[in-house]
Amino acid sequence: MDDESLIAEAARHAGEFALAKPSLTAGTVACALLTAAGNVYTGINIDLACGIGFCAEHAAVAAMLNARETRVAVIVAVNHRGRILPPCGRCRELLAQVDRANRAGCRVLLPPAPVPMAVTAAADPAAPTPPCRAALLGDLLPEPWMEGK
Ligand SMILES: [Zn+2]
């Protein structure tokens, strides 16, 4: 599966909906990951009070672990507007602790490079969307917590 298809798979699952009350939601962010074995797993975030929710990456990793896989080849998260979001620090550490090989073997898809304000103001609305960027997990997490343990 190519990067665009993985992004589209994540976007297909994104869509915010309310839970017990309007301020408690799920699906604002969705994640899709491709494993080294070639399987795709997805997950959505849960945003609850008191910080007891979790990121979409956690849900996708849990689905992967349920299938007894641990090596992630590519991962992406998108919000309900289709914008790619970088993983938070906790999710970077999660991926590293699930399998040490993920630091060197997991490509993380990132949003396109920021566009300077002057360029944004003059932007052609019909211009194509810039491509996403990618980085290895190890480059985004150069000093993982578990290395000192
Ligand atoms: Zn996270």
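Val-78 counts as buried in this predicted model, because 26 C-beta neighbours sit inside 10 Å of it, and the cut-off for calling a residue buried is 20 or more. The model being a predicted one, everything below describes computed geometry. Val-78 belongs to strand S4, and S4 itself covers residues 72-79. What does Val-78 touch, once its neighbours within four places in sequence are left aside? The list begins with Ile-7, Ala-10, Ala-11 and Ala-14, carries on with Val-29 and Ala-30, and ends with Arg-83, Ile-84 and Leu-85. Ala-14 is a nice case to look up in the structure: along the chain it is 64 residues away from Val-78, yet the two C-alpha atoms are 7.2 Å apart in space.

That pairing fits into a wider picture of the chain. Among contacts between residues at least 6 apart in sequence, 61% bring together residues at least 24 apart. As for burial, 26% of the 149 residues count as buried, and Val-78 is one of the buried residues.

Next come the helices and strands. The protein chain has six helices and seven strands, and walking along the sequence gives the order α-β-β-β-α-β-β-α-α-β-α-β-α.

The strand pairings can be followed one step at a time, starting with S1. This strand, residues 17-18, runs antiparallel to S2, residues 25-35, and two bridges hold the pair together. Phe-17 has Ala-26 of S2 as its bridge partner, and a hairpin of six residues links S1 to S2. S2 also pairs with S3, residues 40-47, again in the antiparallel sense and over seven bridges. Here Ala-26 turns up once more, this time standing opposite Ile-46 in S3. Four residues lie between S2 and S3 in their hairpin, and Gly-38 in that turn has a positive phi of about 95°.

S2 has a further partner in S4, the strand that holds Val-78. S2 and S4 are antiparallel and share seven bridges, with Leu-34 matched to Val-74 of S4. How do S4 and S6 run, parallel or antiparallel? They run parallel, joined by two bridges, with S6 made up of residues 107-110. In this pairing Ile-75 stands opposite Val-108. From S6 the trail leads on to S7, residues 133-136, which runs antiparallel to S6 and is joined to it by four bridges. Leu-109 and Ala-134 of S7 are bridge partners there.

Two of the helices also meet. The axes of H2, residues 56-66, and H3, residues 89-98, come within 9 Å and cross at roughly 15°. Angles under 35 degrees count as roughly parallel, so H2 and H3 are roughly parallel to each other. Their crossing is left-handed. Which residues make the contact? H2 contributes Glu-57, His-58 and Val-61, while H3 contributes Cys-91, Leu-94, Leu-95 and Val-98. Sorted by class, the contact of H2 with H3 has five nonpolar residues, one polar residue and one charged residue.

Note on methods
Residues are numbered from 1 along each chain as its sequence is written. This is a predicted model: local features need pLDDT of at least 70, side-chain atom pairs count only at pLDDT 80 or more; totals for chains, interfaces and linings use all residues. A residue is buried if 20 or more other C-beta atoms lie within 10 Å of its own, exposed if 12 or fewer, and partly exposed in between; C-beta atoms are placed from the backbone. Two residues are in contact if their C-beta atoms, placed from the backbone, lie within 7 Å. Axes are lines fitted to C-alpha atoms, for helices over the stretch in contact, and angles run from 0 to 180 degrees between N-to-C directions. Angles under 35 degrees count as roughly parallel, over 145 as roughly antiparallel, 65 to 115 as roughly perpendicular and the rest as oblique. A crossing is left-handed if the near helix is turned anticlockwise from the far one by less than a right angle, and right-handed if clockwise. Ala, Val, Leu, Ile, Met, Phe, Trp, Tyr, Cys and Pro count as nonpolar, Asp, Glu, Lys and Arg as charged, and the others, Gly among them, as polar. Two strands pair if DSSP finds at least two bridges between them.
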